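User: I have a model open and want to learn how to read its sheet, its helices and its core. Can you take me through them?

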Amino acid sequence: MSDTILIINGPNLDMLGTRQPEVYGHDTLADVEKLCEQVAGEEGFAIDFKQSDSEAEIMKWIKQGRGVTAGLLINPAGFTSTSIAILDSLLIYDKPIIEVHISPLFKRDEFRHPSHVSRAAAAKIEGCGIRGYDFAIRKLAEWARA
């Protein structure tokens with residue numbers, strides 16, 4: 001069993017804390033990473049924390065994580081409702097996937113409601129702020145130990 005959880009953050013999440021704080025809050029991506037490290041450590045896991053605005057780079061990371069990570073937490077951000085290519089990469093990933101969104105998609109613009117990523121995810125957490133990452137890591141750790 002791998003002891004690493006892969007965490008992938010999509011486009012513009014590097015702007016957390018300054019981008020639309022009324023939607024995403026004031027926590028930064030560094031705050032998210034710190035939370036993830038803490039929670040994973042409590043669960044006996046390490047993290048591989050990544051962020052990119054590039055669909056191709058995200059796809060590469062998903063494929064590289066196959067067979068060497070315990071699970072995948074993905075916040076696809078702006079690629080949620082647009083990327084069939086990321087979905088295809090997720091469908092070949094061989095461990096559980098949890099989709100996380102800081103804000104509730106169902107309260108956002110209608111074009112943001114559908115998620116291609118959800119078709120590959122074992123679970124989806126949205127609207128819990130950055131605490132959604134906490135919940136997802138704990139569940140992935142539980143599944144990895146099972």
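Analyst: We go from the sheet to the helices, then to the core and one side chain. Keep in mind that this is a predicted model.

User: Begin with the sheet. How many strands does the open sheet have, and in what order?

Analyst: The open sheet has five strands, in the order 2-1-3-4-5. Their pairing is parallel. Strand 2 and strand 5 (123-126) form the edges, each pairing on one side only. Neighbouring strands are turned by 20 degrees against each other on average, with direction ignored.

User: Which bridges hold strand 1 to strand 2?

Analyst: Six bridges join these two parallel strands. One place to look is N9, whose bridge partner in strand 2 is Q51.

User: And how is strand 3 paired with strand 1?

Analyst: Five bridges link strand 1 and strand 3, which also run parallel. L6 has L72 of strand 3 as its bridge partner. Now follow L72 onward: its partner in strand 4 is I97. Strand 3 and strand 4 pair in the parallel sense over three bridges.

User: How do I read the side chains along a strand?

Analyst: In a regular strand, side chains alternate between the two faces of the sheet. Strand 3 shows two sets of residues: G71, L73 and N75 point one way, while L72 and I74 point the other way. All of them are buried.

User: Why is strand 3 called largely enclosed?

Analyst: Five of the five residues of strand 3 are buried, so the rest of the structure largely encloses it. Buried here means under 20% relative accessible area.

User: Now the helices. Which strands does helix 2 touch?

Analyst: Helix 2 packs on the sheet and touches strand 1 and strand 2. Its direction makes about 160 degrees with that of strand 2.

User: Where does helix 5 lie?

Analyst: Helix 5 lies across strand 1, strand 3 (71-75), strand 4 and strand 5. It runs at about 175 degrees to strand 4. Helix 5 has 15 residues and reaches 22 Å from its first C-alpha to its last. That is close to the 21 Å expected at 1.5 Å a residue.

User: Which residues of helix 5 are buried, and what do they pack against?

Analyst: The buried residues are G132, Y133, D134, A136, I137, L140, A141 and A144. They pack against strand 1, helix 2, strand 3, strand 4 and strand 5.

User: What should I look for in a core?

Analyst: In soluble globular proteins, nonpolar side chains tend to be buried together. The largest nonpolar core here has 28 residues. I7, V32, C36, L73, Y133 and I137 touch the most other members. Elements giving two or more residues to this core are strand 1 (4-9), helix 2 (29-42), strand 2 (46-51), strand 4 (97-101) and helix 5 (131-145). A second, separate core has 17 residues, including I62, I74, I86 and L87.

User: Which residues are in contact with V32, leaving aside its neighbours within four places in sequence?

Analyst: V32 is in contact with L16, F49, I130 and Y133, those close neighbours in sequence left aside.

User: Last, a polar side chain. Where does S2 lie, and what does it reach?

Analyst: S2 lies in the segment before strand 1. A polar atom of its side chain lies 3.1 Å from the backbone nitrogen of T4. The backbone oxygen of V68 lies 2.9 Å from a polar atom of the S2 side chain. Leaving aside neighbours within four places in sequence, S2 is in contact with F45, V68, T69 and A70.

Key
Residues are numbered from 1 along each chain as its sequence is written. This is a predicted model: local features need pLDDT of at least 70, side-chain atom pairs count only at pLDDT 80 or more; totals for chains, interfaces and linings use all residues. Side-chain values use heavy atoms; hydrogens and water are left out. A nonpolar core is a set of buried Ala, Val, Leu, Ile, Met, Phe, Trp, Tyr and Cys residues joined through side-chain atoms within 4.5 Å. Buried means under 20% relative accessible area, exposed over 50%, partly exposed in between (1.4 Å probe, protein chains only). Helices (H or I, at least four residues) and strands (E, at least two) are DSSP runs, numbered from the N terminus. Contact means heavy atoms within 4.5 Å. A polar contact is a pair of N or O atoms within 3.5 Å; within protein, one must be able to donate a hydrogen and the other to accept it, and residues adjacent in sequence count only if both atoms are side-chain atoms. Two strands pair if DSSP finds at least two bridges between them. Axes are lines fitted to C-alpha atoms, for helices over the stretch in contact, and angles run from 0 to 180 degrees between N-to-C directions. The expected span of a helix is 1.5 Å times one less than its number of residues.
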